[in-house]
Every structure is written in C-alpha cells, then in structure tokens.
Amino acid sequence: MLAFFVHRLGQALVVMFVISLLSFSIQDNLGDPLRELVGQSVSEAERQQLREAMGLNDPFVNQYGRFLKKALQGDLGDSYFFKRPALGVILEKLPATLELVLGATLIILLLSVPVGVYCAINPRSWFSKLMMGVSIVGISIPVFLTAIMLIYLFSIHLGWLPSFGRGETLLIWGGYETGLLTADGLRHLLLPSIALSSIMLPLFIRLIRSEMMEVLEQEYIRFAWARGLKRQRIWFLHALKNTLLPVITVGGVQIGTMIAYTILTERVFQWPGMGFLFLEAVNRVDTPLIIAYLIVVGLIFVVTNTLVDLIYGLVNPTVRLTRGNA
Amino acid sequence: MALLEVRNLEVKFPLRQGELTALRDVSFSLDPGERLGIVGESGAGKSVAAFAILNLIGRPGYIAGGQVLFEGRDLSRLSATELRHIRGNRISMIFQDPMMTLNPVLTIGTQMIESLQAHRAISYTEARTLAIEKLRTVSIPSPDARIDQYPHELSGGMRQRVVIAIALLTDPTIIIADEPTTALDVTIQAEIMELLLALCENFSVALILITHDLGVVAQVTQRAIVMYAGRIVEEGATRSIIDSARHPYTQGLINALPERTRPGERLNQIPGLMPSLLDIPAGCAFHPRCPHTLTVCRFEVPDYSGSAQRRVACHWAGAHGEVL
Amino acid sequence: MSRYRTLFRQSALLYRFRRDKVAIASFSILLLLLIISFAAPFIAPFNPYDPTQIDIMDSNLPPVWQTDGDARFTLGTDTQGRDIWSTMLYGTRISITIGLFAVLLQSLLGIAMGLAAGYYGGRLDSFLMRLADIQLSFSTLMVAIVVLAVFQAAFGSELYNELAIFMLILVIGIAEWPQYARTVRASVLAEKKKEYVDAVRVIGLSRRRIMFRHILPNTLSPILVISTVQVANAIMSEAALSFLGLGMPVNQPSLGSLINSGFQYILSGSWWITTFPALLLILLVLVINLLGDWLRDVLNPKLYKE
C-alpha cells in the first residue's frame, strides 16, 4: 500500500511539474507584467530598472524557482481583473463545478449500470435495441447542443426549469457555498447535470453492455451456471464484478474529458463554476487566473486518478497495490 | 432402472452458413456408480454431449430432439428453477481448463460457499467448515489458509483440485468431467486423474469422463462410447472395446496409442482429418478416412448392429465381423 | 496470395454492406454531405466570404416558410445578413476538412509510433506507451482548450483567426495519436508471433520492409474502424472548440462557430441561426458513427483495450 502511494506520488509530481512549467511559461509570455502594473506612461529606462528590481531579467531557472516557491505557499499572484489572489477566486468557484460534476456522475452511475447490464443480458429485446439506437444518437450530439436543446425545451418552451445560474445557495462550513440544500438550487442543477452526462451516459451504457456480453461468454460464467447458482448471483456478482474492471479503467481516462465538458456546460448555462471563470479569464487575458485554474484542475486530476486506481485495486485481486504495479 | 438415460439426443447450432447438427441420434445410459468414458477427436461432439445433459449448450445451440432422463425426469424439458436444483447439486461438472473455470475476482471460499448455499439451507460458518473439509479431501495443503485465496494465487493443478472439491461439495450422484486433465502439465495429469478415480470409487459417484485419450479411458472407466462427427460409432465395455474394437475408427484410435508403437517406429496415425460438422460426408461420415470403405458406405448411414450393451455402426464390421 | 485475400475481404464487405439498410443510408447521406459541402461554391446561392454579397439590411430573417421570410434566403439569415444555407454549406466543408486532416495527422503519427513501439520493443516501447497513457488521460478536448486559449491570448485574435484552421488540425491531430499507436502496437505484437514474419525474415528481408509490406496491411481493418470514429470525434471536438470561441472565427465559420454565433439569439427567438447548423452537425456525426459501428461489427478487428 505504501509502495503504491509512493509510486502514485511520483506520477503526480511529474504531472504537476509539467503543469507548473506550462503555467510559468504562460506567465512569462502572456502580456507584460510591467504594463499590467504601471501602464504605458513610463520611460524605457525606468522600465529596465523596474525589470531588474522585479527580477525579470534573472535566468529562467531562478525565476521558475521563485514561481514554484510562491506557488507551494498557495500564492499564484493576484488576478488582474478581480485584484484579489487568483487561487482564492478559483476556489470560490470550485463548489459550483464539483456539484455539477456530482450531479452528472450520479446520473451516469445510476442509469448506465442497470441499462448496460439489462442490454447485455437481453441483447435481443426491443428495449435493448432501442437503447443501442438511442445511445448512438446520444454520443453523436455534442454536449453544448444537448445543453442548448434542454434550455430551449424545458426553459423557453415549457418554462419548467431555470436556464442559467445556480439559484439560491447556502453558505456552509468554511465558505463552501452549496446549492444542494435548497429546492431552488436543485432545480437549477438538474438541466446542467443532464447536459454534462449526455455523452458519457450512452458511452458507458455501450461499454458496460459490450464488456458484460464478453464476460458472459467466459468459462467461469458457464461453470457458475453448471454449479446451479441463482441467475441474479451470476449476473450481478460473478459477471458484473468482472465487467466493472475495464469500466473503471475507462472511467479514469474519461476524467479529463469530463472536466472539458464542464467548461462547455458552464458556458451554456452560465453556471458560475471554474470553467465559466476560466473562459472569462481567457477572454480578459487574466494570466494569474488562467494559471490558478490549470493548477487546481491538475490537482483534481491527480487526486481522482489515484482514487480510480485505488478502486480498481480493490475490485481486482490480481492487482497487488502492495507491489506498486497498480 | 438406469440413473441417466439419454435417448436419441439431437443438438443443432443455427449459424450464418446454415444449421449445424452437432449431435445426432445419441443414446446411452449410465447406472449408479458406473464410470463411462466418451472418446473421440476434438470436434466429435463429445463436449456438446456432456453439456447437453445439463442443458448448458452455449448460444446459439439448442436441443432439437430426444430426451435426457435423469431419475425418470427429462432434463431437457425442466424449467430453469427445476434445472438449477439438479445442476451442481445432483449432477456436477468439471471443466477442461482450471485457469478459466474459477471466477478470478472471487475467493475460492466465496465460490465454494455459494455453491453449497445455492442447494442447502446452511449457515455461512457451516458451509465454510464443509468447504475446508472438501479441500482437505482433494489433498490441498493448509486448506484453511487456501480457502481465502484468489484463484490466481494457486497453480493449475491446485485449481483443478479446487474445481473437483466444488464438484463434490453437494455429494452429487453424477460427475461429468470434460477433459479434466488436458490443460494441465503432463506430470500432474496422472495425479489428478487418480484423485478423481479414487474419489468416485470412495463416494460411489457415477462418472462421465469426456476425453480424447483412450489410455485414460482404459485406466478409469468401465464402459466406453466412441464418437465421430456428432454420432456414436461404437459402444461397449471398456475392456472389450480396447481388446476387440469393431469400428475401423476405434481400431485406428487404438493403433495410434503410443504404447502400440515400438520405439523408433512411426506413430500410427489415422490419415486425414475429422470432417467439419457443416460438411459431413454422405453415407458413413468416416468413409473418406476408412481403410475398409465399401460401396454402400458412401451412400448409406450405417445402422447399429449388436446388442444395446455392445454395438457398432459400421457396414464393414456388420458384414465381416463375428457375431457380437 | 495476400492480394487475393484482400480482394475477397473487400467483396465480403460489399456483400454485407448491400444487406444492411442502416449502412447504406448512412453512407448515402455522408456521400451527399461530402458532395454538397465540397461543391459549396457552385451550389450555395451566396458566398459568405464575399462582403459585397452580404447586406446588413437582410439580417435576422426567418426561414422562408415563416411570415417574415424572404424567398432569397431559404433557411433565413444570421445577424450579419448572411444566408444560413450558404454559410452552412461552407461551414460543413470546413468542419469536414478539419476532421479529415486531423485524423490523417493522428493516424500518421500514431501508426509510426505504434510500429516503432511494437517492432523495436524494449525501452522505446515502454517509454512510448507510458507517454500514450499520460496523453490519453489528459483528454484531447482539455488539452486543445488549454493550448488554444494560451495561443489566442499570446498572439492576439487577429493572427489567431488567420491560423485557426491549422491550429485546430494540429492540436486535434497531435492529441489523439495514442488511439492508433496502441492498436497498431497490439497488432504488431500479435503479428510478430506468427510464423510468416519469421519466415520472411529468414528469406532475408529487411526489418523496415517487413513492417511496411507485411505487418501494416494486416493492421488495416482496425485502423479503418478507428479512423471512422475518430473523424466523428474530431468534428465534434472542432465544433466544441469553435463554440467556446477558440476555433474558427466568425468570418470563416465552421458548423461549431455558426452555432456559437446564433446561440445568444436563441432566447430572442432567432432559433434558425443555431438550429439548422446544429441539425447538420448532428446528422454528419451520427452517420459517421453509424458507419463506424457497422464497420466494427463487420470487420470485427481486435481493437486495443486496457
């Protein structure tokens, strides 16, 4: 277990190193920090003096070292637009994005497993055929179009659900603002969650179906039938547990895509999350904010991937976490 | 009355290229405690016959005709629930490849205990005690530690012992073993086969042994059936079949045994290959490979001659052989 | 021998194709979309790139069957007065072009990497596969968003607009190589085990020759299946990037940027600006996906799975 974490930590460090290097080079190249600070009306000589004083003429490694040192202390610079620490600005928006992802993940998990399993067990039933047809249409519609269609149908046409924002939120522990505890917040969450899950859900239904159909052909399933086990046990324990292994792996690979989809979803629904903020930061060339977003997303990415590996190790006994080859 | 009686069993597989008949007109019976061998090359339909008994033929195959009477009840017509109470309870199976037979993500204990609990109303602790006891019966060292291990932690031979222990768990009346040693190392094969034989004798369980190895049949079984292209071609007491085979195919199999060849001599192989079941030759299916082909063999499927206990389906044997 | 086998395979493919209505329909629609989009300059009633043909007075006209419709603009006009139907045709051409070239780039990169990894093995193999793992787990869309956002911020939108089409092809093309590399590598490893590769080596053929003449043809069917799905994915990625304003600029719109430009007017009732390009985009991606599905069923290649 310890070896697993050491191994994982090594990978995490590599990923974070790449992100920090990328972030730093953005900081170096995007706009001129001097102009942001003092404006245009300063003479060239004074500029040079200021550059020297700020250490902008130092060798790359020194500057990167300083950047890293400050970053480790949580100081990623002040946002040009908000005039506040960029990390703080991003973290305020984190709950909104997390709740959106939570909503979508719940929809995906609660629907893809039963539907995928049903389609694998009854591949010839009309429902399975319908699901296969619907799911291929589902994966062919871009997330942002699903989002627009949902707004058009449920907000504009039917007027049932709100089309933008988080609605009413409650401040709970440590500045964490949640929309999960108010009816209005949940109503606002519904459409964005559906939109965010709209490509992953059919993708996982198809994946679970095909993996499970393959598992059902295995000798150990035939042996389970020959042993006279109840079919529920064969399907939902013997077959499903083996089906989940590749599904978990794919789930891990999809985390990055999920984060990208939050940007699209948040833009359409004007959901006040990190992705929406990131797009604004890009438009305003708010470099510290862009960097803060990249670093936070990188951290989330590393943590979730570690979690996925841990879960995989728990389900698959042939993976030894202790040997560090997970 | 026979314990198991298979009557005119026919199994078909609808495929894209047409319907394939994997078994035709297969009849045999098994007495309590008897050990029966089913012999043939791969593709002869012997595995299909084994799985058809428990109605376990893989999709898209199905039983197209005939009966499988177990204690007077036709297994091919039972409901799923009724059949479940027979499978793994009264009739157990042992599969070919122990590496593939056990579920890789469940411990051996889980798989043994669930087998017991599927057929007996017993507690988890009782089931576990029984499972450990059965592991000891099949000579697995330190069974109380092994029971909590996963299949991949055991060697192939050990895994097949576990599979045998699972088959014995519910004290079945019949065990069907489908090539139980083929996938194992040669050194372990004899060990496992001796274990199986000893257990069947000790617990007086009837055994149907599917194999391509006539040597094993001679060693383990009392009666034998030889299959070719989905059909039984010869049946009789194992001794009688080995000593005085009637069908040219059986004779070929016996001549091909390594023991029948002197060192340095070439092995006596039957020329040609088993036909594809999609393209079975007209008349006797064996005639293109047969050293004694008569004109009639090309056109007419031979009937059985002899008694129910000692029969052969061959025009040549019928015409030339002494009375069975 | 192998030529005859390929010929046989192709005819079997054709046979299965003729019997599958969905495949025929998808293929016909795709062919039609390809033809009308690449013949856009001849078919489209207007040239949306030509400012002299655009009149701001014609802006925001609904489709012809609605009360305020104008007979010149069958599907209406957008906020700049461009004919939606013409813009859609040109936009589809851009979307398909980006999709095809991005996949071409992906496949060249991926096949080269996969062949190298599978054939030479050892350290190169483990390095490339590790790289593929990492690359794959950062999703393409995420990488593309970051790279394009930084690029746009660094070079300013004017220069960016000129280079957008190349940037999109480059980013989508580079980010997706692991798909091919893994599959090709798996095929190479499987083929390497077979006897004939040893046999041709005994004859004294060079390694490179073996790779290109013998192994590569055998990986064709998985590559074909992947490519089909990847074109659909590339078109989707492009649309998403353009929708975020990181893709094709407004004066040279792809389907994604058309949807983006109409999106803000959907609330004010101008639904047609977004709806028609959106339907076309969905149709395009759907028929490619359906064809990909069908190909996978028929060719049934061993695709790389983890």
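**Notes on a predicted three-chain model**

1. Let's start with one residue: Asn242(A) sits in helix α11 of chain A. Keep in mind as you read that this is a predicted model. Is Asn242(A) buried or exposed? Its relative accessible area is 8%, and buried means under 20%, so Asn242(A) counts as buried.

2. What does Asn242(A) touch? If you skip the neighbours within four places in sequence, Asn242(A) is in contact with Val215(A) and Tyr220(A) in chain A, plus Asn103(B), Pro104(B) and Val105(B) in chain B. With Asn103(B) there is a polar contact between the two side chains, at 2.8 Å. Back in chain A, a polar atom of the Asn242(A) side chain lies 2.9 Å from the backbone oxygen of His238(A).

3. Now look at where chain A meets chain C. On the chain A side 39 residues are in contact, and on the chain C side 37. The area buried between these two chains is about 3400 Å², and carbon and sulfur atoms give 78% of that. Try finding Ser140(A), Phe144(A) and Arg267(A) in the viewer: together they supply 16% of the area that chain A buries against chain C, more than any other three residues. If you wonder about the unit, the size of an interface is often given as the accessible area lost when the parts come together.

4. How many salt bridges are there between chain A and chain C? The count is 1. Asp293(C) and Arg206(A) are the partners, with their side chains meeting at 2.4 Å, N to O. As background, side chains of opposite charge can pair when their charged atoms come close. Across this interface there are also 5 residue pairs in polar contact, counting pairs where both residues have pLDDT 80 or more.

5. Which parts of chain A face chain C? The elements that give two or more residues to that side are α1 (2-29), α6 (126-140), α7 (143-157), α9 (200-216), α11 (231-269), α12 (274-283) and α13 (287-315). The biggest giver is α11(A), with 12 residues, and this is the helix that holds Asn242(A). Sorted by class, the side of chain A that touches chain C has 30 nonpolar, 5 polar and 4 charged residues.

6. Chain C itself is easy to describe: 12 helices and 0 strands. Of its 306 residues, 52% are buried. Its accessible surface comes to about 14800 Å², with 63% belonging to carbon and sulfur atoms. Take the contacts in chain C between residues at least 6 apart in sequence: 74% of them join residues at least 24 apart.

7. For a single residue in chain C, try Leu279(C), which you'll find in helix α12 (residues 272-299). With a relative accessible area of 51%, Leu279(C) is exposed, because exposed means over 50%. Its C-alpha atom is 9.8 Å from that of Leu255(C), and the two residues are 24 apart along the chain.

8. Over in chain B, check helix α1 (residues 46-53). Why call this helix largely enclosed by the rest of the structure? Because 7 of its 8 residues are buried. Those buried residues are Lys46(B), Val48(B), Ala49(B), Ala50(B), Phe51(B), Ala52(B) and Ile53(B). Just past the helix, Asn55(B) has a positive phi of about 55 degrees.

9. Lys46(B) is worth a second look, since the residue forms a salt bridge with Glu179(B), the closest N and O atoms being 3.5 Å apart. Glu179(B) lies in the loop between β7 (174-178) and α8 (186-202), while Lys46(B) is in α1, so the pair ties together parts of chain B that are 133 residues apart in sequence. Both Glu179(B) and Lys46(B) are buried. Elsewhere in chain B, Glu34(B), Arg223(B), Glu235(B) and Arg311(B) are joined into one network by salt bridges that share partners.

10. Another pair is Glu41(B) and Arg289(B), whose closest N and O atoms are 3.1 Å apart in a salt bridge. Glu41(B) lies in the loop between β3 (35-39) and α1, and Arg289(B) in the loop between α11 (248-255) and β11 (304-306), so this pair links parts of chain B that are 248 residues apart in sequence. Glu41(B) is partly exposed at 24% relative accessibility, whereas Arg289(B) is buried at 7%. Over all chains, the whole structure has 23 salt bridges.

How values were computed:
Residues are numbered from 1 along each chain as its sequence is written. Chains are lettered from A and ligands numbered from 1 in the order in which they are written. This is a predicted model: local features need pLDDT of at least 70, side-chain atom pairs count only at pLDDT 80 or more; totals for chains, interfaces and linings use all residues. Side-chain values use heavy atoms; hydrogens and water are left out. Contact means heavy atoms within 4.5 Å. Buried area is the accessible area (1.4 Å probe) that two parts lose on being put together, summed over both. A salt bridge is a side-chain nitrogen of Lys or Arg within 4 Å of a carboxyl oxygen of Asp or Glu. A polar contact is a pair of N or O atoms within 3.5 Å; within protein, one must be able to donate a hydrogen and the other to accept it, and residues adjacent in sequence count only if both atoms are side-chain atoms. Helices (H or I, at least four residues) and strands (E, at least two) are DSSP runs, numbered from the N terminus. Ala, Val, Leu, Ile, Met, Phe, Trp, Tyr, Cys and Pro count as nonpolar, Asp, Glu, Lys and Arg as charged, and the others, Gly among them, as polar. Buried means under 20% relative accessible area, exposed over 50%, partly exposed in between (1.4 Å probe, protein chains only). Accessible areas come from the Shrake-Rupley method with a 1.4 Å probe; for residues, only the protein chains shown count as cover.
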